[in-house]
Each structure stands twice: as C-alpha cells, then as structure tokens.
Amino acid sequence: MAQAIRIIGIDPGLRRTGWGVIDTDGTRLGFVACGSVVSDNADSLGLRLRQIFDGLQAVLAELSPAEAAIEQTFVNRDAVATLKLGQARGIALLVPALLGLPIAEYAPNAVKKTVVGAGHGDKSQIRAMVKCLLPRAAFDSADAADALAIAITHAHSRRWARLEAAIVLGSRAAP
C-alpha cells in the first residue's frame, strides 16, 4: 500500500482488552495483527490494570501504529462494573497517549453501524463482517474482532474527514 497509515483499534475491558492493527491507504484495508491482553482475575485491581498497561505497551512497541482508535464506554446497570471498565479504558487511552499518538473515540453503535450497517448488530455479525473486510484476520476472541472493527471504523472516518476537507477547500476556491 502506498502512503499507508497504521491504526490500532482497542476494545477496552478489565478481563480482556482486545487490540487489532490494520494498515490503510484510504481505500484499502490490510490486516496486520490482532489479539487480546488478558488480566488475571485472581489479582488485585491495580495489578490487573498494570497487566493491561504492560500488554498494550508491548503491542504498540512491536507494531508501531501511527494512530489509535478506542471504543467509548457504555454505561450499564452495574455501576461497579462500569467503573472498573472505565479504569481499564483509562489505561487503553494512556498507553497510546504516552507515545504521542492521536486517539479517536467511537461509540459502540457507531462501530456496529460502520462495520455491520446497523447500530445494533451482534458479536457474530461483527466477526463475520470483519472477516469479510479482512480475510487474512484470525482473531483469538470477540474482543480482538471488535478491536479490528474499531480500527476499520477509524479508517473509514479518516477517509470521510479527508473528503469533507477537500469539499471545503473546493468551495473556497470556487468563484
């Protein structure tokens, strides 16, 4: 791919944080790698957050993405679970921020709408569409597939942003 940009998508979770890396040149998508960082349920919250930090740091060091995309937190009825997810999400934001990467955030429904075509697609539909868009992808979990979907969403969002900028520039140049 000429002028390809490398994007990491991150699906934050305390038990399992999915990550997926793609290359895009604006129109084409290329699978690079994906996986999950798993924390040990038996450990304290602080140690689990450190495991996520260390795991994501190793992935970013190895794969050198230029941009990051992270799923926004959804609020559920269990306030304690939502708070813990928020702490894991904080780590997922911190690791690329420490490297100076631009970070985009996407709502879960926006990711589903971009990849599946509907804002309420289920995990199996996301996996199927990610596999269709990235045939070489082999994910170890739904979290890794979701992370690739987040990266795909960012790749499409970047393309739309460039198109909008071109339209604005064109309208300014028009008489």
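**Exercise 1. Find what covers the buried residues of helix H1.**

*Solution.* Begin with the cover: S1, S2, S3 and H2 are among the elements lying over the buried residues of H1. Keep in mind that this is a predicted model. Next, list what is being covered: Arg48, Leu49, Ile52, Phe53, Gly55, Leu56, Val59, Leu60 and Leu63 are the buried residues of H1. To read that list, recall that an α-helix has 3.6 residues a turn, so residues three or four places apart point the same way. Then place the helix: H1 (residues 45–63) lies across S1, S2 and S3, and runs at about 155 degrees to S3. Helix H2 (residues 79–98) packs on the sheet too, where it touches S1, strand S4 (67–71) and S5, with its direction at about 175 degrees to that of S4.

**Exercise 2. Check the length of H1 against the span expected at 1.5 Å a residue.**

*Solution.* H1 has 19 residues, which should span 27 Å at that rise. Now take the end C-alpha atoms of H1: they are 27 Å apart, so the two values agree. Just past the helix comes Ser64, with a positive phi near 50 degrees.

**Exercise 3. Work out the strand order of the sheet and which strands stand at its edges.**

*Solution.* Start with the pairs. S1 (residues 5–11) and S2 (residues 16–24) are antiparallel, joined by seven bridges, and Ile10 stands opposite Trp19 in S2. S2 and S3 are also antiparallel, over nine bridges; here Ile22 has Phe31 in S3 as its bridge partner. Four residues separate S2 and S3 in a hairpin, and Gly26 in the turn has a positive phi of about 110 degrees.

Now put the whole sheet together: five strands in the order S3-S2-S1-S4-S5 make an open sheet with mixed pairing. S3 (29–38) and S5 (103–106) each have a single partner strand, so these two are the edges, with one side of each left without a neighbour in the sheet. From one strand to the next, the twist averages 20 degrees.

One last step for S3: seven of its ten residues are buried, so this strand is largely enclosed by the rest of the structure.

**Exercise 4. Describe the largest pocket and find which element gives the most to its lining.**

*Solution.* First, the volume: the largest pocket holds about 670 Å³ of space. Its lining has 28 residues, of which Pro12, Gly13, Leu14, Phe74 and Leu85 are the closest to the centre. Sorting by element, H2, H3 (108–116), H4 (123–133) and H5 (142–173) each give two or more residues to the lining. The top contributor is H2, with five residues.

How values were computed
Residues numbered from 1 in each chain as written. Predicted model: local features only at pLDDT ≥ 70, side-chain atom pairs only at ≥ 80, totals over all residues. Heavy atoms only, no water. Pairing = 2+ DSSP bridges. Axes fitted to C-alpha atoms, helices over the stretch in contact; angles between N-to-C directions. Contact = heavy atoms within 4.5 Å. Expected span 1.5 Å × (residues − 1). Buried < 20%, exposed > 50% of the residue type's maximum accessible area, 1.4 Å probe, protein only. 1 Å grid on protein atoms, 1.4 Å probe; cavity = no way out; pocket = protein on both sides within 12 Å on 5 of 7 lines; lining within 4 Å. Points joined across faces, edges and corners; volume = space filled by probe spheres on them.
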